[in-house]
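Here are a few exercises to work through at your own pace. Have a look at the structure first, then try each task before reading its solution.

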Amino acid sequence: MSTVVDINTENNHDDHEHHGPAKGIARWLFTTNHKDIGSMYLWFSFIMFMIGGCMALTIRAELFQPGLQLIEPEFFNQMTTLHGLIMVFGAVMPAFVGLANWMIPMMVGAPDMALPRMNNWSFWILPFAFTLLLSTLFMEGGGPNFGWTFYAPLSTTYAPDTVTFFIFGVHMMGISSIMGAINVIATILNMRAPGMTLMKMPLFVWTWLITAFLLIAVMPVLAGVVTMMLTDIHFGTSFFNAAGGGDPVLFQHIFWFFGHPEVYIMILPAFGAVSQVIPTFSRKPLFGYHSMVYAVASIAILSFIVWAHHMFTVGIPLVGELFFMYATMLIAVPTGVKVFNWVATMFRGSLTFETPMLFSIAFVVLFSIGGFSGLMLAIAPSDFQYHDTYFVVAHFHYVLVPGAIFGIFAAVYYWLPKWVGNMYNEKLGKMHFWLSFVGMNLTFFPMHFLGLAGMPRRIPDYALQFADFNQIASVGAFMFGTTQLLFLYIVINCIRKGEKATAQVWEGAEGLEWTIPSPAPYHTFTTPPEVK
Amino acid sequence: MLSRLVRRAPTLLMPALFAADVSAEYGLNMPVGVTDVSQSVFDLHMQIFWICVAIAVVVFGVMFYSIFKHRKSKGAVAAQFHESTTVEIIWTIIPVIILVLMAWPATTTLIEMYDTSDSDVDIKITGYQWKWRYEYIGQDVDFFSNMSTPKDEIYNRAEKNENYLLEVDNELVIPVNKKVRFLITANDVIHSWWVPDFAVKKDAIPGFINESWTRVNETGIYRGQCTELCGKDHGFMPVVVRVVEQEEYDTWIATKQAEAKAAAALAKLTFTLEEQMERGEKVYATNCAACHQANGSGIPPSFPALKGSAIALGPVDEHIKRVVSGVAGSAMQAYGAQLSEVDLAAVITYERNAWGNDTGDNVSAKDIVDFNNK
């Protein structure tokens with residue numbers, strides 16, 4: 001995407017940098033340029049978003065009516081499992097790594113990521129990991145069918161043989177994520193421009209720094225749990241097999257010790273992106289910068305002591321239940337602080353509503369709704385009624401779709417003119433927003449009712465009283481899904497043509513990335529800028 | 001998998017005639033239920049819901065006020081304030097107070113839910129792929145509860161009845177106004193036993209026994225489902241509980257005990273091949289058809305075919321072993337613990353003589369007993 005620009009801009013006057021990218025496929029295979037790698041991450045993420053989306057639409061098509069119409073239960077289970085895995089590990093996480101690659105060096109005034117070759121490697125692992133995972137669909141026995149949470153013993157003793165491919169796929173994704181995280185930390189801690197103290201860093205950089213530490217802390221835990229599965233399946237161990245003295249609940253403890261921080265990994269960078277966008281279009285500095293940083297850090301720390309709230313019904317003792325209930329409720333406090341600060345930033349600003357701002361405002365409102373249902377889920381006695389029903393499905397889709405995904409959309413629209421040098425079509429951007437907004441709510445809001453009325457999740461067919469809301473949800477899903485083709489069109493259109501973007505792009509934008517020309521030259525900040 | 005989708009494509013083009021023309025009343029909110037605990041849970045749910053609504057009104061109210069009043073197009077000029085420690089402290093403390101107020105009733109309810117002492121009736125519930133087993137402890141009553149919705153309704157070949165997917169062959173029966181304790185476990189993978197009207201949901205985990213309890217205030221039939229993904233037919237293992245007066249419960253227990261005795265007596269009789277086939281077909285439909293399919297073709301490779309299979313046509317003892325002891329590490333369960341000798345004999349006979357497997361073998365209950373004694 002980054003156009004080859006012959007340089008000599010004020011930030012870029014080192015002679016040996018007078019070359020552009022390599023030509024042809026070699027550019028993409030061997031590149032160590034953070035912008036190229038960032039673009040590849042983003043395109044990869046979009047492809048995965050489409051594949052995972054098709055799986056979601058297969059699910060919603062089957063659930064359009066009661067009865068089995070299109071697919072059999074075994075295939076349905078493979079769809080729910082792969083939809084979850086692909087969206088989490090293939091769409092959301094790589095999209096944020098792509099944004100990090102593009103923006104972190106430009107935001108802290110560094111010429112590139114700290115470890116450029118590792119950067120190339122951490123990207124190129126991903127296509128292989130997902131090819132491995134998706135290839136299971138075409139093998140005998142079918143793909144993973146035990147849910148993205150892959151609870152043992154369904155995923156060990158009772159799993160299809162292809163589970164081994166799934167395990168190696170997860171290992172590869174983990175290696176990629178850990179390397180990406182090390183790179184982010186090394187870049188932020190070592191390569192900031194002179195004068196850019198930690199407490200002067202943009203919030204997007206802060207949230208990514210904290211996310212990277214979360215990744216390094218929990219991805220090895222995930223690798224550990226899948227390795228235990230591997231040895232249970234192939235080498236006769238009994239970590240999770242009760243008959244051999246093992247413990248199926250141990251699996252859940254380990255998985256959720258990874259899994260809960262993982263959900264913050266998917267949301268914190270979105271917090272960061274939105275914290276860049278809202279001040280820009282409010283033309284007013286972010287309210288409570290310091291408390292925003294502390295809030296993100298508190299959320300990250302608390303995320304390690306709440307994992308068992310995913311397991312309220314497994315029969316943990318009363319005291320454990322109470323501890324995890326209180327700890328979970330506590331997370332509402334820093335999360336609330338963030339929402340209040342965003343609102344305070346908008347208050348008495350001078351607001352305009354370009355597409356990134358629309359996505360950010362929807363982010364704040366809809367993410368808060370997801371936060372509210374999260375608070376309800378934290379109340380252990382009520383959780384017995386909500387647990388593993390569509391109420392939970394509604395909850396986590398409200399935090400992940402308008403949370404993570406809308407956060408990514410906001411970030412892409414916000415920085416796209418900087419990347420490609422052209423403005424996107426604002427009218428189409430707004431249309432993309434409104435169709436996504438309506439489609440998303442139509443899909444997921446009725447799921448609250450379904451869950452409360454008693455519909456369990458992960459079922460291919462349902463009792464008749466659930467028919468109406470499922471029908472609405474399916475219509476919404478197809479609306480949301482097809483709308484994303486419009487997004488693809490807008491981005492391609494913007495790369496090819498459009499009004500030329502200025503260096504600052506947005507009237508209220510502040511930060512180092514807006515001091516370099518649009519499109520950003522292939523090499524930026526080879527001489528570090530001075531930050532006052 | 002994909003090829004199956006393609007193969008089914010023609011039937012997809014015919015819109016499901018019977019789907020969804022029976023509509024049942026839809027619910028918007030959690031059921032209040034029929035126990036004191038479910039009432040407290042409902043109250044907690046509504047309490048936290050209204051707190052969330054109140055917070056939402058205030059926060060989004062301020063936000064939408066800004067969106068309408070402070071727009072650039074209306075000439076709004078941005079203020080430059082961006083920090084206030086006092087404000088930050090206030091909006092940290094207020095949520096903490098609200099949370100403490102919420103945690104209090106939640107804690108009392110939870111303590112009550114965990115008190116399984118002094119029960120009147122104890123029932124062991126075991127989750128199997130994909131059915132429930134109910135054992136009344138100390139009563140000699142022990143039976144399986146399978147979904148009874150016909151395949152024709154699921155595949156839209158027949159009109160769906162009112163309790164579609166939420167009906168079973170044998171309901172769990174409990175007395176009203178008595179404290180009933182459930183001991184919940186599983187035989188294979190993790191399941192979860194849930195009856196929304198009782199606010200009881202507990203995971204059934206192999207190797208663990210979880211406890212829960214209920215005291216139902218009203219007689220009636222209450223329906224729920226398995227709520228932990230447990231494989232292919234996770235969506236097809238409902239829970240149905242019939243709550244009755246004590247006298248009716250006593251009579252029911254007596255009938256069940258008598259049935260168990262009668263079944264034991266059957267083992268001493270001999271049956272003709274036709275009688276065996278008739279009984280075997282029913283046993284097969286309830287226990288085997290979900291995986292091996294009604295026509296014996298299975299769903300290879302996970303669930304092998306029985307039609308023309310080496311086991312069904314080979315030595316009888318090997319066939320009995322498969323059915324009675326199961327196949328370790330696969331979905332094939334050990335049916336010796338689940339079915340009576342009479343039923344085992346009938347179903348094996350059926351498998352050896354149906355779908356063109358014409359071995360002519362008539363396996364008797366005594367063969368099963370002999371096998372077990374080996």
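Before we start, one term: a residue counts as buried when its relative accessible area is under 20%, and as exposed when that area is over 50%. Keep in mind that this is a predicted model.

**Exercise 1. Find out whether Trp91(B) is buried or exposed, and work out what its ring pairs with.**

Solution.
- Step 1: Trp91(B) has a relative accessible area of 16%. The cut-off for buried is under 20%, so Trp91(B) is buried.
- Step 2: Now for the partner. A search of the whole structure turns up 70 aromatic pairs over all chains. One of them is made by Phe287(A) and Trp91(B), with 5.9 Å centre to centre and 65° between the planes.
- Step 3: Planes over 60 degrees apart count as edge-to-face, and that is the label this pair gets.
- Step 4: Where do the two residues sit? Phe287(A) is in the loop between α8 (268-282) and α9 (289-302) of chain A, while Trp91(B) belongs to helix α3 (residues 85-113) of chain B, so the pair joins two chains.
- Step 5: Phe287(A) is buried as well, with a relative accessible area of 4%.

**Exercise 2. Classify the ring pair of Tyr414(A) and Trp415(A).**

Solution.
- Step 1: The ring centres of Tyr414(A) and Trp415(A) are 5.2 Å apart, and the planes meet at 55°.
- Step 2: Stacked needs planes under 30 degrees apart and edge-to-face needs over 60. An angle of 55° fits neither, so the pair of Tyr414(A) and Trp415(A) is tilted.
- Step 3: Check the burial too. Tyr414(A) is buried at 1% relative accessible area, and Trp415(A) is buried at 0%.

**Exercise 3. Which rings have the charged end of a lysine over them?**

Solution.
- Step 1: Look at Phe81(B). Lys284(A) lies over its face, at 3.9 Å from the ring centre.
- Step 2: Move on to Phe303(B). Here the charged end of Lys232(B) sits over the ring, 5.6 Å from the centre.

**Exercise 4. How many cavities of 30 Å³ or more does the structure hold, and what lines the largest cavity?**

Solution.
- Step 1: The count is six cavities of 30 Å³ or more. The largest cavity has about 270 Å³ of space.
- Step 2: Its lining is made of 18 residues, and those nearest its centre are Leu42(A), Ser45(A), Phe46(A), Val412(A) and Phe487(A).
- Step 3: Trace the lining back to helices. In chain A, α2 (34-62), α3 (73-108), α13 (390-420) and α15 (467-496) each supply at least two residues. α13(A) gives the most, with six residues.
- Step 4: Sort the lining by class: 17 nonpolar, one polar and no charged.

**Exercise 5. Do the same for the second largest cavity.**

Solution.
- Step 1: About 80 Å³ of space lies in the second largest cavity.
- Step 2: Its lining residues include Tyr41(A), Phe89(A), Met93(A) and Gly180(A). α3 and α5 (163-190) of chain A each supply at least two residues of that lining.
- Step 3: By class, the lining has seven nonpolar, three polar and no charged residues.

**Exercise 6. Set the radius of gyration of chain B against that of a compact globule.**

Solution.
- Step 1: A compact globule of 374 residues would come out near 21 Å, but chain B has 28 Å.
- Step 2: Along the principal axes, the C-alpha atoms of chain B fill a box of roughly 95 × 55 × 40 Å.
- Step 3: To round off the picture, chain B has 11 helices and 10 strands, and 46% of its 374 residues count as buried.

Methods
Residues are numbered from 1 along each chain as its sequence is written. Chains are lettered from A and ligands numbered from 1 in the order in which they are written. This is a predicted model: local features need pLDDT of at least 70, side-chain atom pairs count only at pLDDT 80 or more; totals for chains, interfaces and linings use all residues. Side-chain values use heavy atoms; hydrogens and water are left out. Rings of Phe, Tyr and Trp (its six-membered ring) pair if their centres lie within 6.5 Å; planes under 30 degrees apart count as stacked, over 60 as edge-to-face and the rest as tilted. Helices (H or I, at least four residues) and strands (E, at least two) are DSSP runs, numbered from the N terminus. Buried means under 20% relative accessible area, exposed over 50%, partly exposed in between (1.4 Å probe, protein chains only). A charge sits over a ring if NZ of Lys or CZ of Arg is within 6 Å of the ring centre and within 35 degrees of the ring normal. On a 1 Å grid over the protein atoms alone, a cavity is a set of points where a 1.4 Å probe fits but cannot get out, and a pocket is an open set with protein on both sides within 12 Å along at least five of seven lines; lining residues have an atom within 4 Å of a point. Grid points are joined across faces, edges and corners, and a volume is the space filled by probe spheres set on the points. Ala, Val, Leu, Ile, Met, Phe, Trp, Tyr, Cys and Pro count as nonpolar, Asp, Glu, Lys and Arg as charged, and the others, Gly among them, as polar. The radius of gyration is taken over C-alpha atoms; the globule rule is 2.2 Å times the number of residues to the power 0.38.
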